Amino acid sequence: MSGRARYGFMDWRLLADPETGLRYAGECLDCGERSIDGDSADDAQLWCLKHAGMSGDKHFKLTAFQPFDALPSAALGPRAT
């Protein structure tokens with residue numbers, strides 16, 4: 001049995017969503033529970049403090065991330081230099 005495969009390659013670009021901005025989330029390293037992500041680092045830290053008070057857990061991390069889209073370059077037009 002033989003088969004054929006055809007591969008196509010294209011350039012992709014990563015584009016940050018300018019309307020979203022950075023997002024923040026708190027995560028408990030003891031139990032794995034995680035806050036809902038939002039646009040405020042203070043809210044994520046407050047979630048960690050509330051969780052510590054309710055659960056007794058003591059180890060947390062704060063994550064900041066930027067949502068982005070991956071789009072084929074051809075769909076975006078010529079690359080600006």
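In this predicted model, one aromatic pair is counted. The pair is formed by Trp47 and Phe60, whose ring centres lie 6.5 Å apart and whose planes stand at 85°, so the arrangement is edge-to-face. A pair of aromatic rings is described by the distance of the centres and the angle of the planes. Trp47 belongs to helix H1 and Phe60 to strand S3, and the two residues are 13 positions apart, so that distant parts of the chain are linked by the pair. Phe60 is partly exposed, because its relative accessibility of 23% is not under the 20% that defines a buried residue and not over the 50% that defines an exposed one.

The aromatic pair sits within a chain of one helix and four strands. Read from the N terminus, the elements follow the order β-β-α-β-β. Of the 81 residues in the chain, 16% are buried. Among contacts with a separation of 6 or more, 60% are made by residues 24 or more positions apart. The accessible surface of the chain amounts to about 6,700 Å², and carbon and sulfur atoms contribute 54% of this area.

Two salt bridges are counted in the model. In one of them, the side chains of Arg23 and Asp37 come together with an N to O distance of 3.0 Å. Arg23 is located in strand S2, which covers residues 23-28, while Asp37 is located in the loop between S2 and helix H1 (41-55). The two residues are 14 positions apart, and the pair links distant parts of the chain. Asp37 has a relative accessible area of 29% and is therefore partly exposed.

The side chains of Glu27 and Lys61 also form a salt bridge, with an N to O distance of 3.8 Å. The distance qualifies because the rule places the nitrogen and the carboxyl oxygen within 4 Å. Glu27 is part of strand S2 and Lys61 is part of strand S3 (residues 60-65), so this pair ties together parts of the chain that are 34 residues apart in sequence. Glu27 is partly exposed at 22% relative accessibility. Lys61 is likewise partly exposed, with a relative accessible area of 39%.

A search of the whole structure gives zero disulfides. A disulfide is a covalent bond between the sulfur atoms of two cysteines. For Cys28, the closest cysteine sulfur is that of Cys31, at 3.7 Å, which is too far for a bond because the cut-off is 2.5 Å. Cys28 is buried, with a relative accessibility of 0%. Cys48 is in no disulfide either, and its nearest cysteine sulfur, in Cys28, is 8.0 Å away. Cys48 has a relative accessible area of 9% and is also buried.

The loop between S2 and H1 contains Ser35. Ser35 is buried, at a relative accessible area of 8%. A polar atom of the Ser35 side chain lies 2.8 Å from the backbone nitrogen of Gly26. With neighbours within four places in sequence left aside, the residues in contact with Ser35 are Ala25, Gly26, Ala44 and Trp47. Of these contacts, Trp47 is also a member of the aromatic pair with Phe60.

Asp39 is placed in the loop between S2 and H1 as well. Asp39 is exposed, at 59% relative accessibility. When residues up to four places away in sequence are not counted, Asp39 touches Leu22, Arg23 and Tyr24. Asp39 and Tyr24 are 15 residues apart along the chain, and their C-alpha atoms are separated by 6.0 Å. Arg23, another residue touched by Asp39, is the salt-bridge partner of Asp37.

Towards the N terminus, Met10 lies in the segment before strand S1 (12-16). Met10 is exposed, with a relative accessibility of 52%. The C-alpha atom of Met10 is 8.3 Å from that of Ala74, and the two residues are 64 positions apart along the chain.

Technical notes:
Residues are numbered from 1 along each chain as its sequence is written. This is a predicted model: local features need pLDDT of at least 70, side-chain atom pairs count only at pLDDT 80 or more; totals for chains, interfaces and linings use all residues. Side-chain values use heavy atoms; hydrogens and water are left out. Buried means under 20% relative accessible area, exposed over 50%, partly exposed in between (1.4 Å probe, protein chains only). Rings of Phe, Tyr and Trp (its six-membered ring) pair if their centres lie within 6.5 Å; planes under 30 degrees apart count as stacked, over 60 as edge-to-face and the rest as tilted. Contact means heavy atoms within 4.5 Å. Accessible areas come from the Shrake-Rupley method with a 1.4 Å probe; for residues, only the protein chains shown count as cover. A polar contact is a pair of N or O atoms within 3.5 Å; within protein, one must be able to donate a hydrogen and the other to accept it, and residues adjacent in sequence count only if both atoms are side-chain atoms.
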